[in-house]
Structure formats: C-alpha cells, structure tokens
Amino acid sequence: MNKIKVSIVGASGYAGGDLLRLLLQHPNVELHQVTSERFAGKPVTIVHPNLRKQTTLKFSSVNDLEKVDLLFTALPHAKLMNNIENFRALADRIIDLSGDFRLKTAEDYKRWYDLEHPNPELLNEFVYGIVELHREEMKSAKLISSAGCNATSTILPLWPLFKNDLVDLSKPVIAEAKCGSSEAGNKASDASHHPERSGCVRSYKPTRHRHTAEMIQELGNPIEFSATTIEMVRGILMTAHVFLKEGVTELDVWKTYRKEYGEEPFIRIVKERSGIYRYPEPKILAGTNFCDIGFELDPNTRRLVVIGAIDNLMKGAAGQAVHAMNVANGFEETAGLGFTGLHPI
Ligand SMILES: NC(=O)c1ccc[n+]([C@@H]2O[C@H](COP(=O)([O-])OP(=O)(O)OC[C@H]3O[C@@H](n4cnc5c(N)ncnc54)[C@H](OP(=O)(O)O)[C@@H]3O)[C@@H](O)[C@H]2O)c1
C-alpha cells in the first residue's frame, strides 16, 4: 500500500482533532507528528477522548516538527500567513484549513479581513479546497486552502445554478446559515459560556461575514449572507433564496444537480415527497463528509429555496481537507471518509 508521511499542526483544536480521527484510520497515511503548544508531550487522548485505544501518539511542539510528505495546518487565523515559509520547508505539500490563503487578491484581504496580506504572491498558488469545483487543479497542487465551513455550505448548493445560467441575476441572492457552536473552535469565551450559549438562537453576523468573500469569488456573483448560531454542537443548515430565470422549471433544477453532482461521492440531492427527512438536515450528517442539498420552487414568484446541510468540522473542514489530500495524491477519493453517520442520533 502506497503510504505518505503526514503531520498535523494545531491537532488539539476541533478541526485538527477531526483530522486526527480521520487520518488514524486512513489506509494511505502514516501519521508522524501532531502539534499543540499547550499540551506538548501529553497523549492526544487527554484532549480527544474519542481516540482512546486508537493511538499512543503524543502532542509535539511546532518547534520540533520534522520533514514529512504532507502537512495539514489547522491554526487560528493569521498564524500561517506570517510563517508560511517555515512550514513550506517542512513538507512538499500543505493543506491549510484557515482563511489565510483562500482569497485570490490582497485587495480582498484588505476589504474583508482588514489586513495587508504578508504573502500576496502566494495567493494564486493555493488551490481553493472544494474538490467538486477544483478537482483538476488539485491533482497537481502543492498548496491547497480548504474552504470556510459556511462558505462550503453555501457554495456547493448554489454553484450548479450559476454555472448553468439558471439564475435571474437582476435579483438579489440571499443566504442564511444556522451554525453549531464548534464553528468557534475550542477556546472559551463570554459567548461560549454555558448559560449564555445554551438554548441560544443568536444572530452573530447579519452582514459582512468574511466567508461572503469566498462565496462571491467562487460563484462569480454578488451574494448577501447572514449567520445565526443555534443550539447545536456540529452542523450547518444553510437556506438560500434565488430567483430563477423565466422558463426555468423545477425539473430543470433537478437535471442540473444530477448533471453536476450525480457522480460526486459526497453530495446527495435530498428531496422526498413525504417523511420528516424530506429536506437536508445536519443532525444526521454528524461525523460524515456529506453535503446534502435540497430545493423547492415557488412557481408564483420564481423564488427557489435552496437548502444545504453539512457537518462544519467534516465537509466544512477536516473531511474536505482529507478529500483534497486523496485527490492530490491520487488515492481513492473516498479513502478514510466512509463513515455514513448515525440514525437515530
Ligand atoms: N471549527 C470549525 O468549524 C472550522 C471549520 C473550517 C475551518 N476552520 C479553521 O480551522 C482553523 C482551526 O480551527 P479550530 O476550530 O480547530 O480552532 P481551535 O479549536 O481553536 O484550535 C486551534 C489550534 O491551533 C493551535 N494554536 C493556537 N495558537 C497557536 C500558535 N500560536 N502556535 C501554534 N499552535 C497554535 C492550538 O493549539 P494549543 O493546544 O497550543 O492551543 C489548537 O490546536 C481556524 O483557522 C478555523 O478558522 C474551523
């Protein structure tokens, strides 16, 4: 079996933890080092108890990293962009989960992140990490930037509609995502304090969410996006409203999704006539790499309601990154990503 040597930077975090879980089971990966500054020298199981009896690995410090074939970086925003050359010296290939290299221009970093990007010349070298949109470029990519979780939940359901020219571009496109608490990472804050977070339905970014920049970049069209946190640990439910061109039917929308995604292993079109799971729902996607997509057309107004559901830590982070690794290394695309989810859960 063809195996590559892989390390994870930021493996004590939520995204890094799911990478660890996936890579320990991956048939083509030998996991070499996994980092945490806070827990260096300690077993990974003190942070990720789900991995007991799965590994004896201990956390290392970033300063002790050795050369590998591939490095996953899952650090907070603005850590990699300032140290990219150090990490490049350690691996032939880097797959980054942060927002540091997702946008293609320094102007966009100024506009959306309010910062001067320290390495703008590298922005075009990073391939944007959604496999379904960038599979061919990814096959030879040395630098891959995984997409934002909210961006993934919005781009995947909307992209076929724009690509196939079904949308009335004179009308606004509006999307809203309901998000689980793990999106915010494992650092405690006032907002994550249990009495404040529990049971909440909290509008946390009604306008100017940073992931909007990725959506505009990948869809090639303006989009309005809002995010709301709800009582859920993992998962995103995205609801978008687009107006279809005159003459486009619900059957056309069906055929378009079938054409674009019929062969995709991680995309499922969900549209049942009856039953409680008629439309996508993140609850049954926990731990899986699926993006479920549903839709319904109001024939009176031509408004198409598009619904997307993912696990933010999987299709929105670690699962997407492992999928990208599989493509870039010529492995079976679904390797390490076979978990089907649980029902009931
Ligand atoms: N959570 C999500 O749903 C999600 C989805 C998609 C993308 N992302 C992105 O993925 C990245 C990680 O997210 P997360 O949610 O996993 O965050 P997290 O839970 O806060 O984990 C952050 C990780 O980075 C390490 N770290 C922090 N500062 C460091 C430093 N100065 N030097 C070295 N290591 C450092 C932490 O290790 P220590 O133990 O040393 O603190 C920890 O392992 C972020 O950029 C985030 O935007 C997250």
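**Two sheets, two domains and a ligand**

Colleague: How many bridges join strand 9 to strand 10?

Modeller: Three, and the two strands run antiparallel. Strand 10 covers residues 224-229. Keep in mind that this is a predicted model.

Colleague: Which residue is the bridge partner of Lys-205 in strand 10?

Modeller: Ala-227.

Colleague: And which strands does helix 8 touch on that sheet?

Modeller: Helix 8 packs against strand 12, strand 13 (291-298) and strand 14 (303-310). The direction of helix 8 makes about 160° with that of strand 13.

Colleague: What's the strand order there?

Modeller: 9-10-8-11-14-13-12. The sheet is open, has seven strands, and its pairing is mixed. Strand 9 (202-205) and strand 12 (267-269) are the edges, each pairing on one side only. From one strand to the next, the twist averages 25°.

Colleague: Back to helix 8. At what angle does its axis cross that of helix 5?

Modeller: Roughly 105°. The axes of helix 5 (residues 149-163) and helix 8 (residues 250-261) come within 10 Å. Angles from 65 to 115 degrees count as roughly perpendicular, so helix 5 is roughly perpendicular to helix 8.

Colleague: Which residues make the contact?

Modeller: Helix 5 uses Pro-160, Leu-161 and Lys-163. Helix 8 answers with Thr-256, Tyr-257, Glu-260 and Tyr-261. By class, that contact has four nonpolar residues, one polar and two charged.

Colleague: Now the parallel sheet. What's its order?

Modeller: 3-2-1-4-5-7-6, again an open sheet of seven strands. Its edge strands are strand 3 (59-60) and strand 6 (127-128).

Colleague: How many bridges hold strand 3 to strand 2?

Modeller: Two join strand 3 to strand 2 (residues 29-35). Val-34 stands opposite Phe-59 of strand 3.

Colleague: What's odd about Lys-53?

Modeller: Lys-53 has a positive phi, about 65°, though it isn't a glycine. Most residues other than glycine have a negative phi. Lys-53 sits in the loop between strand 2 and strand 3.

Colleague: Which peptide bond is cis?

Modeller: The one from His-343 to Pro-344, with omega near 0°. Pro-344 is in the segment after helix 9.

Colleague: Let's talk domains. What are the bounds?

Modeller: Domain 1 is 4-146 + 317-329, and domain 2 is 149-310, according to the domain assignment. Their centres, taken over C-alpha atoms, are 25 Å apart.

Colleague: How many residues does each side put into the contact?

Modeller: 17 from domain 1 and 17 from domain 2.

Colleague: Which helices supply the domain 1 side?

Modeller: Helix 3 (106-113), helix 4 (131-138) and helix 9 (318-329) each supply at least two residues. In all, that side has eight nonpolar, five polar and four charged residues.

Colleague: Where does the ligand lie relative to the two domains?

Modeller: Between them, because both domain 1 and domain 2 give residues to the shell around the ligand.

Colleague: Which residues come nearest to the ligand?

Modeller: Gly-10, Gly-13, Glu-37, Ser-98 and Gly-185, out of 31 around the ligand.

Colleague: And which helix gives the most to that shell?

Modeller: Helix 1 (residues 14-24), with three residues.

Colleague: How does the shell split by class?

Modeller: Twelve nonpolar, 14 polar and five charged.

Key
Residues are numbered from 1 along each chain as its sequence is written. This is a predicted model: local features need pLDDT of at least 70, side-chain atom pairs count only at pLDDT 80 or more; totals for chains, interfaces and linings use all residues. A residue is near a molecule or strand if its C-beta atom, placed from the backbone, lies within 6 Å of it. Helices (H or I, at least four residues) and strands (E, at least two) are DSSP runs, numbered from the N terminus. Ala, Val, Leu, Ile, Met, Phe, Trp, Tyr, Cys and Pro count as nonpolar, Asp, Glu, Lys and Arg as charged, and the others, Gly among them, as polar. Domain bounds come from an automatic or database domain assignment. Axes are lines fitted to C-alpha atoms, for helices over the stretch in contact, and angles run from 0 to 180 degrees between N-to-C directions. Angles under 35 degrees count as roughly parallel, over 145 as roughly antiparallel, 65 to 115 as roughly perpendicular and the rest as oblique. Two residues are in contact if their C-beta atoms, placed from the backbone, lie within 7 Å. Two strands pair if DSSP finds at least two bridges between them.
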